[in-house]
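Welcome! Take a moment to look over the sequence and the model, and then let us walk through them together.

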Amino acid sequence: MSAERGSAKHGPRVDEYQKHETQGVVRSGGSTHAEEWADPEGIRDPAEELSPRRHPPGHEPGTPEGITPVDVERRSALAKWLSDAQWPADRDDLMEHAETRLAPDELVESLRDLPDGEFHNVGEVARALGLGAERRRW
């Protein structure tokens with residue numbers, strides 16, 4: 001009984017052709033693709049997935065110092081509903097603007113608590129409502 005190398009699926013000519021095509025990969029241990037984008041993506045190291053990602057200073061995720069997560073949400077809502085208001089504006093102007101834009105009742109009610117005076121931006125409104133102000137570390 002003779003042990004013949006090759007494939008029982010293909011003939012000897014196809015076997016030789018496939019052997020020739022894969023010879024570069026077998027010898028080099030790497031890819032034979034000329035274009036880098038055609039190379040298959042490597043297997044990721046599980047340890048990399050667990051290591052913390054680095055963020056540039058000032059762009060770390062989470063809540064900045066000096067402000068609570070609830071205050072962040074409230075300031076975000078103020079900015080969403082008041083950012084296109086005509087500035088400077090007083091309490092009545094801001095309440096009218098929020099009602100016109102159909103802002104949530106909770107936001108309109110919080111604007112009623114604003115002191116008399118003129119505001120030049122959303123940040124001033126947030127400070128007047130007692131919302132925390134973030135402190136940046138430089």
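## Getting oriented

Two residues are in contact when heavy atoms lie within 4.5 Å. With that in hand, consider the contacts in the protein with a separation of 6 or more: residues 24 or more positions apart account for 51% of them. Please keep in mind that this is a predicted model.

The protein has six helices and two strands. If you follow the sequence from its start, the pattern reads α-α-α-β-α-α-β-α. There are 138 residues in the protein, and 18% of them count as buried. The protein exposes about 11700 Å², with carbon and sulfur atoms supplying 50% of that area.

## Helix α4 and its two sides

A good place to begin is helix α4, which covers residues 91-100. Which of its residues are buried? They are Leu94, Met95, His97 and Ala98. These residues lie on the same side of α4, because they cover an arc of only 160 degrees around the axis. The other side of α4 has Glu96 and Thr100, which are exposed.

What do the buried residues of α4 pack against? Their partners are the helices α3 (69-82), α5 (105-112) and α6 (122-128), together with the strands β1 (89-90) and β2 (118-119).

## The ends of α4

The N-terminal end of α4 is capped by aspartate 90. One of the side-chain oxygens of aspartate 90 lies 3.3 Å from the backbone nitrogen of aspartate 92.

After α4 comes leucine 102, with a positive phi. That phi is near 60 degrees, and the residue is one other than glycine. You will find leucine 102 in the loop between α4 and α5. Is leucine 102 buried or exposed? It counts as exposed, because its relative accessibility is 70% and the cut-off for exposed is over 50%.

## A closer look at histidine 97

Histidine 97 belongs to helix α4. With a relative accessible area of 18%, histidine 97 is buried, since the term applies under 20%. Setting aside its neighbours within four places in sequence, histidine 97 is in contact with Trp81, Leu82, Asp84 and Ala85.

## Helix α5 and its partners

Now turn to α5, where Leu107, Val108, Ser110 and Leu111 are buried. Here too the arc around the axis is only 160 degrees, so these residues sit on the same side of α5. Exposed residues Asp105 and Glu106 are carried on the face turned away from the buried side of α5. The buried residues of α5 pack against α3, α4 and α6.

How do helices pack against one another? Two packed helices are described by the angle between their axes and the distance between the axes. For α4 and α5, the angle is about 175 degrees and the axes are 9 Å apart. The two helices are therefore roughly antiparallel to each other. On the α4 side, the contact is made by Arg91, Leu94, Met95, Ala98 and Glu99, and on the α5 side by Leu107, Val108, Leu111 and Arg112.

The pairing of α3 with α5 has an angle of about 95 degrees, and the axes are 11 Å apart. That angle makes α3 roughly perpendicular to α5. Leu107, Ser110 and Leu111 in α5 meet five residues of α3, namely Arg74, Ala77, Leu78, Trp81 and Leu82.

## Meetings across the sequence

Proline 88 sits in the loop between α3 and β1. The peptide bond leading from tryptophan 87 to proline 88 is cis, and its omega is near -5 degrees. Proline 88 is partly exposed, having a relative accessible area of 40%. Which residues does proline 88 touch, not counting those up to four places away in sequence? They are Glu118, Phe119 and His120. Proline 88 and glutamate 118 are 30 residues apart in sequence, while their C-alpha atoms are 6.1 Å apart in space.

Another such pair involves aspartate 71, which is found in helix α3. Aspartate 71 counts as buried, at 15% relative accessibility. In sequence, aspartate 71 and leucine 131 are 60 residues apart, and in space they are 5.6 Å apart, C-alpha to C-alpha.

Terms used
Residues are numbered from 1 along each chain as its sequence is written. This is a predicted model: local features need pLDDT of at least 70, side-chain atom pairs count only at pLDDT 80 or more; totals for chains, interfaces and linings use all residues. Side-chain values use heavy atoms; hydrogens and water are left out. Helices (H or I, at least four residues) and strands (E, at least two) are DSSP runs, numbered from the N terminus. Buried means under 20% relative accessible area, exposed over 50%, partly exposed in between (1.4 Å probe, protein chains only). Accessible areas come from the Shrake-Rupley method with a 1.4 Å probe; for residues, only the protein chains shown count as cover. The arc is that of the directions from the helix axis to the C-beta atoms. A polar contact is a pair of N or O atoms within 3.5 Å; within protein, one must be able to donate a hydrogen and the other to accept it, and residues adjacent in sequence count only if both atoms are side-chain atoms. Axes are lines fitted to C-alpha atoms, for helices over the stretch in contact, and angles run from 0 to 180 degrees between N-to-C directions. Angles under 35 degrees count as roughly parallel, over 145 as roughly antiparallel, 65 to 115 as roughly perpendicular and the rest as oblique.
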